[in-house]
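This report describes the open and enclosed spaces of one protein model, and then turns to selected helices and strands. Please read it alongside the sequence and the coordinates.

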Amino acid sequence: MNIILLGPPGSGKGTQGALLSARTGHPRVSTGDLLRDAVQAGSPLGQEAQGYMERGLLVPDEVILGLIQEVVDSPEAAQGIIMDGFPRTVAQAEAVDRLLAGRGQAVHAVLTFEVAEDELVTRMLGRAKQEGRSDDTPEAVSQRLAVYRQQTEPLLTHYRERGVVIAIDGVGGIEEIAGRVAGALGV
Ligand code: AMP
């Protein structure tokens, strides 16, 4: 199963992706986590990405597409993958489709976690205190939400046409939401 988690920042994608990974045995891959590791390591990828991430902007597709190819084509993902935080643009979605098609697979489901905007902001600013993420400042948070609406939400149209979008109510306890996800996917 190839599953995309496509909610706005703060909607619980990471948490639910980890639980879904444990349940299905498919790896959860987060481009955000990979980029944060690259920034930490000071690698060329990290150096290119850092400024965009701190401002709450998307890292350009030219930089991200290679990373996506690496993770989707990795042996661990051969039986299925849980994509957390990508694709985020139409070009990235097309790349994912092409890479999966290359091994006779497709996207099975796109989960969107529905959470009201004010709740998202509260969650992200709370997380900033706990995790110290440099892009959880009030400015970066509102920028990231705007970028999600403008650049990522339109992908839903791309996937709705194929009938693979599943909307999940993203408000409630972690286990409760995980139950909704498992029920919707039949896993
Ligand atoms: P996330 O942890 O998924 O919220 O990602 C944190 C930040 O990393 C985003 O605000 C972007 O700057 C960058 N990022 C992560 N994934 C992508 C992606 N697929 N395309 C472009 N930028 C990304």
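Within this predicted model, the lining of the largest pocket draws its largest share, 7 residues, from helix α2. The volume of that pocket is about 1200 Å³, and of the 46 residues that line the pocket, Gly 10, Arg 36, Arg 127, Arg 133 and Arg 144 are the closest to its centre. Several elements supply at least two lining residues each, among them α1 (13–24), β2 (28–30), α3 (44–55) and α9 (174–185).

A search of the whole structure also finds 1 cavity of 30 Å³ or more. The lining of this largest cavity includes Leu 5, Leu 6, Gly 7 and Pro 9, together with Gly 85, Phe 86, Pro 87 and Arg 88, and also Tyr 148 and Thr 152. The table sets out the two spaces by volume and by the classes of their lining residues.

| Space | Volume | Nonpolar | Polar | Charged |
|---|---|---|---|---|
| Largest pocket | about 1200 Å³ | 14 residues | 19 residues | 13 residues |
| Largest cavity | about 70 Å³ | 6 residues | 3 residues | 2 residues |

Helix α2, already met in the pocket lining, contains Thr 31. This residue counts as buried because its relative accessibility is 5%, where the cut-off for burial is under 20%. Leaving aside neighbours within four places in sequence, Thr 31 is in contact with Leu 67, Ile 68, Asp 84, Gly 85, Phe 86 and Arg 88; of these contacts, Gly 85, Phe 86 and Arg 88 are also listed in the lining of the largest cavity.

Helix α5 (residues 90–101) offers a check on geometry: at 1.5 Å a residue its 12 residues should span 16 Å, and the end C-alpha atoms are 16 Å apart, so the expected and computed spans agree. The buried residues of α5 are Gln 92, Ala 93, Ala 95, Val 96, Asp 97, Leu 99 and Leu 100, and they pack against β1 (2–5), α4 (61–72), β3 (81–84) and α8 (155–160).

Strand β1, one of the packing partners of α5, pairs with β4 in the parallel sense over 3 bridges, with Ile 3 standing opposite Ala 109 in β4. Strand β4 (residues 109–114) is mostly covered, since 5 of its 6 residues are buried. Strand β4 also runs parallel to β5 (residues 165–169), to which 5 bridges join it, and within this pairing the bridge partner of Leu 111 is Ile 166 in β5.

Definitions and conventions
Residues are numbered from 1 along each chain as its sequence is written. This is a predicted model: local features need pLDDT of at least 70, side-chain atom pairs count only at pLDDT 80 or more; totals for chains, interfaces and linings use all residues. Side-chain values use heavy atoms; hydrogens and water are left out. On a 1 Å grid over the protein atoms alone, a cavity is a set of points where a 1.4 Å probe fits but cannot get out, and a pocket is an open set with protein on both sides within 12 Å along at least five of seven lines; lining residues have an atom within 4 Å of a point. Grid points are joined across faces, edges and corners, and a volume is the space filled by probe spheres set on the points. Helices (H or I, at least four residues) and strands (E, at least two) are DSSP runs, numbered from the N terminus. Ala, Val, Leu, Ile, Met, Phe, Trp, Tyr, Cys and Pro count as nonpolar, Asp, Glu, Lys and Arg as charged, and the others, Gly among them, as polar. The expected span of a helix is 1.5 Å times one less than its number of residues. Buried means under 20% relative accessible area, exposed over 50%, partly exposed in between (1.4 Å probe, protein chains only). Contact means heavy atoms within 4.5 Å. Two strands pair if DSSP finds at least two bridges between them.
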